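Please open the model in your viewer and keep the selection box at hand. We will go from stop to stop, picking residues as we go.

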Amino acid sequence: MPSNKSVSDAPIVQLTNCRILRSHQLQREDLWVREGKILNPEKLFFDEKGSADIQLDCKDSIIAPGFIDVQINGGFGVDFSLATDDFKSGIDLVSQKILSHGVTSFCPTLVTSPPSVYHQVLPQISIRNGGAHGAGILGAHLEGPFISKEKKGAHPEHCLRTFEAGAFQDLLATYGSLDCVRIVTLAPEMKRSSEVIRELTQRGICVSLGHSVANLSQAEEAVQHGATFITHLFNAMLPFHHRDPGIVGLLTSDKIPAGRRVFYGMISDGIHTNPAALRIAHRAHPKGLVLVTDAIAGMGLAPGRHTLGQQVVEIDGLNTYIAGTKTLSGSVATMDTCVRHFQEATGCSVETALEAASLHPAQLLGIEHKKGTLNYDSDADFLMLNDGLYVQATYIAGEEVWRQDALGM
């Protein structure tokens, strides 16, 4: 066997008998991995004269990029919006548990909270790679407190804030630091929001529009200033109206700057969005759809009372409400469930469903050169799934980090 040690001592793994999601299609070819990256087999054969050290028979599984959840408030009893002394162990627990649902990277999300909570929690969130310890952390998603009182949803009204004279300084004072922040959700109709959107965008922070009563021209103006995302489309915004479609109208707006794509999050749990609305959004703008769980602490737990930041929520089946009301408050759906429901509700292809949870969130965050695809030289974060899109195994940087026990291999 030819030696492959000339370039690297790291072992080369070849996954065979699989269908790989690459270039928007499931392709019957092998996947080659070394040192946490996807290898180009042609370079390996012809330049290095290399070969595989380890071969894995995937038994006709689908191999897809790992899922990326850009809106998750917690899970398994952990609430990211609660300032606790053991916050780090909580975030570690969630990052470990979501591996079984195919999530290899995520943005821990904080709902509207008092400044003291941001000041205590944000320094404890550090951007890190995934591994056997759990999914990678891409940075925090701060949903509020600069949102509309009329569309606050499950956010506590007494913590909502507006932008005063020094708008961006207000935001900095509220959060304390932007070091680990990746996404900020705000209402674009608020006075001085344009300068805040510009400042955040210049710092590489994604601005998302949500919990808002903005009309379409206000939403378009926000996009022209740099906003690129819509937080849980249809939820906590003005309903679509034919004379002024509001934020929803961004999906087919002709005022989006050239070369810019607007992405939108969808909670595809069968509760937050009627399947017909999911189909309308997907058919209007398929390349912008990003599946999010919007999961709360009660995900993975029995029905009953749990928390979402400053509020108490009640879980009844897949429904989660602010206690004593019928106000929806996040979901308890897992990402793999959302992918399966999305495919079933829209009748889209397997490839489309998988890319909505991997490629699209990576494109939104500008990391598609290393995450969200199985292109050569990208990170070897991938899943093995069966034809029903149930996760059989999860890999991060080429290492198996979770496997379905019943699966013999």
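## Stop 1: Ser-329 and Ala-154

Start by selecting Ser-329, which sits in the loop between β19 (319-322) and α8 (335-346). One thing to keep in mind along the way: this is a predicted model. Is Ser-329 buried or exposed? With a relative accessibility of 0%, Ser-329 counts as buried.

Now show what surrounds Ser-329. Beyond its neighbours within four places in sequence, Ser-329 is in contact with Ala-154, Ile-296, Leu-308, Val-313, Thr-320, Tyr-321 and Ile-322.

Pick Ala-154 from that list and move over to the loop between β11 and α4, where Ala-154 is found. Ala-154 has 8% relative accessibility and therefore counts as buried too. Again setting aside neighbours within four places in sequence, the contacts of Ala-154 are Leu-308, Gln-311, Ile-322, Thr-327, Leu-328 and Ser-329.

## Stop 2: the annotated positions

Both residues appear in a UniProt record. The unreviewed entry places the feature "binding site" at Ala-154, Asn-235, Ala-236, Arg-243, His-272, Leu-328, Ser-329 and Gly-330. Select the set and zoom out: why do these positions not all gather at one spot? They span 177 residues in sequence, and the farthest two C-alpha atoms are 29.7 Å apart, so the set does not come together in one place.

The unreviewed UniProt entry also places the feature "domain: Amidohydrolase-related" at residues 62-401. Colour residues 62-401 and look at the two ends: their C-alpha atoms lie 17 Å apart. Helix makes up 24% of this span and strand 22%.

## Stop 3: helix α4

Next, select helix α4, residues 167-175, and show its side chains. Which residues of α4 are buried? They are Ala-167, Phe-168, Leu-171, Thr-174 and Tyr-175. These residues lie on the same side of α4, because they cover an arc of only 120 degrees around the axis. The general geometry helps here: an α-helix has 3.6 residues a turn, so residues three or four places apart point the same way.

Turn to the other side of α4 and you will find Gln-169 and Ala-173, which are exposed. Then bring in the packing partners: the buried residues of α4 pack against α3 (115-121), β11 (140-143), β12 (181-186) and α5 (193-202). Before leaving, click on Gly-176, which follows α4 and has a positive phi, near 90 degrees.

## Stop 4: salt bridges

Display the charged side chains next. How many salt bridges does the model hold? The count comes to 15.

Go to Arg-19 and Asp-60, a salt-bridged pair whose closest N and O atoms are 3.7 Å apart. Arg-19 belongs to strand β1 (residues 13-22) and Asp-60 to strand β5 (residues 54-65), so this pair ties together parts that are 41 residues apart in sequence. The two partners can be set side by side: Arg-19 counts as buried at 15% relative accessibility, while Asp-60 counts as partly exposed at 33%.

Then select Glu-48 and Arg-34, which form a salt bridge with their closest N and O atoms 2.9 Å apart. Because Glu-48 lies in the loop between α1 (41-46) and β5, and Arg-34 in strand β3 (residues 31-34), the pair ties together parts that are 14 residues apart in sequence. Both Glu-48 and Arg-34 are buried.

One more pair is Asp-379 and Lys-371, with 3.0 Å between the closest N and O atoms of their salt bridge. Asp-379 counts as buried at 12% relative accessibility, and Lys-371 counts as buried at 12%. To finish this stop, select Arg-19, Arg-28, Asp-60 and Asp-387 together: salt bridges that share partners join them into one network.

## Stop 5: the largest pocket

Keep Asp-379 and Lys-371 on screen for the last stop. Both are among the residues that lie nearest the centre of the largest pocket, together with Asn-129, Leu-138 and Lys-370. In total, 18 residues line this pocket. The elements giving two or more residues to the lining are β9 (103-111) and β10 (136-137). Show a surface here to see the pocket itself, which holds about 270 Å³ of space.

Notes: Residues numbered from 1 in each chain as written. Predicted model: local features only at pLDDT ≥ 70, side-chain atom pairs only at ≥ 80, totals over all residues. Heavy atoms only, no water. UniProt positions renumbered as here; feature names shortened; annotations may be inferred. Helix = DSSP H or I, 4+ residues; strand = E, 2+ residues; numbered from the N terminus. Salt bridge = Lys/Arg side-chain N within 4 Å of Asp/Glu carboxyl O. Buried < 20%, exposed > 50% of the residue type's maximum accessible area, 1.4 Å probe, protein only. Arc of directions from axis to C-beta. Contact = heavy atoms within 4.5 Å. 1 Å grid on protein atoms, 1.4 Å probe; cavity = no way out; pocket = protein on both sides within 12 Å on 5 of 7 lines; lining within 4 Å. Points joined across faces, edges and corners; volume = space filled by probe spheres on them.
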